[in-house]
Amino acid sequence: MTDIAATVVISAVVVAVVLALASIRVVQEYQRGVHFRLGRVIGVREPGLRLIVPVIDRLWRISMRIVTMPIQSQGIITRDNVSVDIAAVAYFRVVDARKSVVVIENVNAAIDQIAQTTLRNVVGQHSLDEVLAQTEKINGSIRQILDATTVEWGVEVTLVELKDIQLPDSMKRAMAREAEAEREKRAKIIAAEGEARAAAALGDASDTMMRHPLALQLRNLQTLIELGVEKNTTIVFPAPLMTAIGELTAFLARETGAANSGDQSENSLMRAAALH
């Protein structure tokens with residue numbers, strides 16, 4: 001009888017220990033526990049040590065941390081009929097642990113599927129230029145649509161970002177040609193503006209020289225000085241300077257002719273006086 005009693009006591013202690021271990025649950029700081037009793041939710045447990053009734057109760061621990069979910073690349077046709085492959089990434093977190101367990105079976109799988117569908121729908125409503133230039137607007141649209149759907153699941157989508165946009169090779173070449181043509185257009189416009197400004201400046205300079213003829217001569221002399229610095233063997237005289245030299249030569253010729261005419265007149269008078 002003593003052995004039987006000892007066995008019973010030991011068995012009872014073992015069963016008690018097993019039941020105690022089975023009734024202890026630890027909810028981490030980043031988790032919430034959804035407590036079920038006989039299939040019904042009786043509460044949401046905060047972090048810490050929690051006790052449940054073995055066999056009767058179950059405690060689902062739900063992570064409340066932000067989850068990073070990559071959205072696999074989707075083949076999408078834009079509004080202007082361009083085929084692109086776009087991958088994205090979504091960030092979400094559970095805000096209502098009870099809904100995330102009771103309302104939907106698998107939150108991660110559901111958000112993955114709805115995110116892919118929403119990505120295709122939203123991008124398909126925009127042209128390629130809008131997809132490339134207005135990514136923030138598209139990200140916001142996708143996030144709003146996902147939020148409207150996932151709020152019933154107790155989940156909040158915090159951020160959606162387009163991660164990778166793959167274009168066909170033909171479209172890449174066409175965009176490269178377009179960018180090159182745009183750069184050439186800007187270069188020609190800049191060159192034309194420079195020519196216009198230069199022409200205006202030259203016009204102002206010519207007006208100044210017309211009002212001050214000596215300025216043109218000074219400019220010609222400056223040009224000759226610049227040519228002389230290079231030690232050139234050929235000297236080029238500008239046409240206005242040649243005209244000035246011609247005018248000076250003609251002036252000297254007139255003066256010489258006048259002097260010669262005066263000498264001849266004086267000689268004639270002297271001969272006439274001698275005859276008388």
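In the predicted model, Arg79 and Glu130 form a salt bridge in which the closest N and O atoms are 3.4 Å apart. The two residues belong to distant parts of the chain, 51 residues apart: Arg79 lies in the loop between S6 and S7, and Glu130 in helix H4 (residues 128–133). Arg79 counts as exposed because its relative accessibility is 52%, and the cut-off for that class is over 50%. Elsewhere, Glu182, Lys185 and Arg186 are joined into one network by salt bridges that share partners.

The structure holds seven salt bridges. One of them is formed by the side chains of Arg32 and Glu46, with an N to O distance of 3.3 Å. This pair also links distant parts of the chain, with Arg32 in strand S2 and Glu46 in the loop between S3 and S4, 14 residues apart. Both residues are partly exposed: the relative accessible area is 23% for Arg32 and 40% for Glu46. A further salt bridge connects Arg37 with Asp57, the closest N and O atoms being 2.8 Å apart. Here the link runs from strand S2, which holds Arg37, to strand S5, which holds Asp57, across 20 residues of sequence. Arg37 is partly exposed at a relative accessible area of 34%, whereas Asp57 is buried at 5%.

Strand S2 is part of an open sheet of three strands in the order S3-S2-S5, with antiparallel pairing. Strand S3 (40–45) and strand S5 (57–63) each have a single partner strand, so each edge strand has one side without a neighbour in the sheet. From one strand to the next, the twist averages 25°. Five bridges pair strand S2 (residues 31–37) with S3 in the antiparallel sense. Val34 has Val44 in S3 as its bridge partner, and Gly33 stands opposite Arg45 in S3. The hairpin of S2 and S3 has two residues between the strands, and Leu38 takes a positive phi near 55° in this hairpin.

A second open sheet is formed by three strands in the order S6-S7-S8, again with antiparallel pairing. Strand S6 (67–77) and strand S8 (155–166) are its edge strands, and each pairs on one side only. The twist in this sheet averages 25° from one strand to the next. S6 and S7 run antiparallel and are joined by nine bridges; Ile76 has Val84 in S7 as its bridge partner.

Val107 is located in helix H3 (residues 107–124) and is buried, with a relative accessible area of 11%. The C-alpha atoms of Val107 and Trp153 are 7.7 Å apart, although the residues are separated by 46 positions in sequence.

On the surface, Val9, Val13, Val17, Leu21, Ile24, Val26, Leu49 and Leu51 make a nonpolar patch of about 750 Å². At least two residues of the patch come from each of helix H1 (2–23), strand S1 (24–27) and strand S4 (48–51), and H1 provides the largest share, with four residues. Val17, which lies in helix H1, counts as partly exposed at 43% relative accessibility.

The chain has an average pLDDT of 81, and 78% of the residues score at least 70. Confidence is highest in strand S7 (residues 83–94), with a mean of 92, and lowest in helix H8 (residues 239–275), with a mean of 60. Where pLDDT is low, the predicted coordinates should not be read in detail.

Note on methods
Residues numbered from 1 in each chain as written. Predicted model: local features only at pLDDT ≥ 70, side-chain atom pairs only at ≥ 80, totals over all residues. Heavy atoms only, no water. pLDDT = per-residue confidence, 0-100. Patch = residues over 30% accessible without salt bridge, like charges linked within 9 Å, V, L, I, M, F, W, Y side chains within 5 Å. Areas by Shrake-Rupley, 256 points an atom, 1.4 Å probe, with all protein chains shown as cover. Salt bridge = Lys/Arg side-chain N within 4 Å of Asp/Glu carboxyl O. Buried < 20%, exposed > 50% of the residue type's maximum accessible area, 1.4 Å probe, protein only. Pairing = 2+ DSSP bridges. Axes fitted to C-alpha atoms, helices over the stretch in contact; angles between N-to-C directions.
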